[in-house]
Amino acid sequence: MSTEYKKDVVSNQNDERENLQVGEVVAKTEEFINKNKKSILITLAAVIVVIVGVCVYFLGIVPSKEKKAANAMFAAEQYYMQDDYEKALKGDGKHQGFLAISEDYSSTKQGKLAKYYIGNIYLNQGKFQQAVEYLKGFSPDDAFMEAQAKTQLADAYVELNQLDKAISNYEKAASIKPNDFNTPAILMKLGTAYEMKKDFKKALECYKTIKSDYPASQEYATIEKYISRMNSLLEK
């Protein structure tokens, strides 16, 4: 018997074994399906229901809620612009205020924005702990709004004499897309917070950053006197 012939025989035997194994797997699969047909159909139906529910939620319910939230926000924002904070917060009997909107539409962009307004109002009213609670819960997609919220949160912490938390939030705010408009103002507040902690070296670094990096800013015009004052304190 030739070697080639032996190889062919072995190969054929292997193919037969593989075919038998595949056949067994197919048979077992068919048997499993037949035995569990009802359970499988129920599972598939449940999956389809979930998929349809998700589609309905994101394509129908979410846009509808966003629209309702936007409509609700209009009146509250008008009162906010007029500095009528009580009506902005609590509504006027006909329109909802930010407090209700933040609860009823908490999953929407407008509902989240309402938290920022609430925190800002409480900050202006001197209710600093309440301001912290709402501003901490605000997480916008917009970089400018994020920097504003972090700055106001830091302002509230300063008023509560929690300087480490204030400094942390000022630093985060200053690092968000630095620009000539709001970054120098944030650095000024950060420098002031360091001064309150008697960390004059860190305060000097903030002021020097304004001088070197933001010559077009409003703060640049007077920054030299802050630098001189810090240098004097550090020389003592």
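Ala100 is found in helix H4, which spans residues 98-104. The model is predicted. Ala100 has a relative accessibility of 29%, so the residue counts as partly exposed. The limits for that class are 20% and 50%. Lys90 lies 10 residues from Ala100 in sequence. In space, the two C-alpha atoms are 7.2 Å apart.

The fold is helical in its assigned elements. The chain has 11 helices and 0 strands. Along the sequence, the pattern reads α-α-α-α-α-α-α-α-α-α-α. The chain holds 236 residues, and 31% of them are buried. Among contacts with a separation of 6 or more, 47% join residues 24 or more positions apart. The accessible surface of the chain comes to about 15,100 Å². Carbon and sulfur atoms account for 55% of that surface.

The nonpolar interior was examined next. In soluble globular proteins, nonpolar side chains tend to be buried together. The largest nonpolar core in this chain has 50 residues. Tyr80, Phe98, Ile101, Ile121, Tyr170, Leu190 and Tyr207 touch the most other members. Helix H5 supplies the largest share of this core, with 7 residues. Ile121 is one of the residues that touch the most other core members. Beyond four places in sequence, the contacts of Ile121 are Tyr80, Tyr85, Ala88, Leu89 and Phe98. Phe98 and Tyr80 thus appear twice, as contacts of Ile121 and in the list of residues touching the most other core members.

Tyr122 follows in the same account. Tyr122 lies in helix H5. Its relative accessibility is 11%, and Tyr122 therefore counts as buried. The cut-off for burial is under 20%. Tyr122 touches Leu89, Leu99, Lys127, Phe128, Gln130, Ala131 and Tyr134, with residues up to four places away left out. Leu89 is also in contact with Ile121. Glu133 is 11 residues from Tyr122 along the sequence. Their C-alpha atoms are 10.0 Å apart.

Ala131, a contact of Tyr122, is found in helix H6, residues 128-136. Ala131 counts as buried because its relative accessibility is 0%. Outside the four nearest places in sequence, Ala131 is in contact with Gly119, Tyr122, Leu123 and Ala156. Of these, Gly119, Tyr122 and Leu123 fall within the range of helix H5, residues 109-124. Ala156 falls within helix H7, residues 143-159. Ala131 and Lys115 are 16 residues apart along the chain, and their C-alpha atoms are separated by 9.3 Å.

Ala72 gives a further buried site. Ala72 is placed in helix H2, residues 37-81. The relative accessible area of Ala72 is 14%, so this residue is buried. Ala72 touches Gln96, Ile101 and Tyr105, with neighbours up to four places away not counted. Ile101 is among the residues that touch the most other members of the largest nonpolar core. Gly91 is 19 residues from Ala72 along the chain. A distance of 9.8 Å separates the two C-alpha atoms.

Pocket analysis was then applied. Rolling a probe the size of a water molecule over the atoms shows where empty space is left. About 250 Å³ of space lies in the largest pocket. The lining consists of Lys109, Gln110, Lys112, Leu113, Phe138, Ser139, Pro140, Asp141, Asp142 and Met145. By class, 4 of these residues are nonpolar, 2 are polar and 4 are charged. Helix H5 gives the largest share of the lining, 4 residues. H5 also gives the largest share of the nonpolar core.

Two loop residues have positive phi values. Asn161 has a phi near 60° and is not a glycine. Asn161 sits in the loop between helix H7 (143-159) and helix H8 (163-175). With 56% relative accessibility, Asn161 counts as exposed. Lys177 has a positive phi of about 40°, although this residue is not a glycine. Lys177 is found in the loop between H8 and helix H9 (183-196). At 63% relative accessibility, Lys177 counts as exposed. The exposed class requires a value over 50%.

Key
Residues are numbered from 1 along each chain as its sequence is written. This is a predicted model: local features need pLDDT of at least 70, side-chain atom pairs count only at pLDDT 80 or more; totals for chains, interfaces and linings use all residues. Side-chain values use heavy atoms; hydrogens and water are left out. On a 1 Å grid over the protein atoms alone, a cavity is a set of points where a 1.4 Å probe fits but cannot get out, and a pocket is an open set with protein on both sides within 12 Å along at least five of seven lines; lining residues have an atom within 4 Å of a point. Grid points are joined across faces, edges and corners, and a volume is the space filled by probe spheres set on the points. Ala, Val, Leu, Ile, Met, Phe, Trp, Tyr, Cys and Pro count as nonpolar, Asp, Glu, Lys and Arg as charged, and the others, Gly among them, as polar. Buried means under 20% relative accessible area, exposed over 50%, partly exposed in between (1.4 Å probe, protein chains only). Contact means heavy atoms within 4.5 Å. Accessible areas come from the Shrake-Rupley method with a 1.4 Å probe; for residues, only the protein chains shown count as cover. A nonpolar core is a set of buried Ala, Val, Leu, Ile, Met, Phe, Trp, Tyr and Cys residues joined through side-chain atoms within 4.5 Å.
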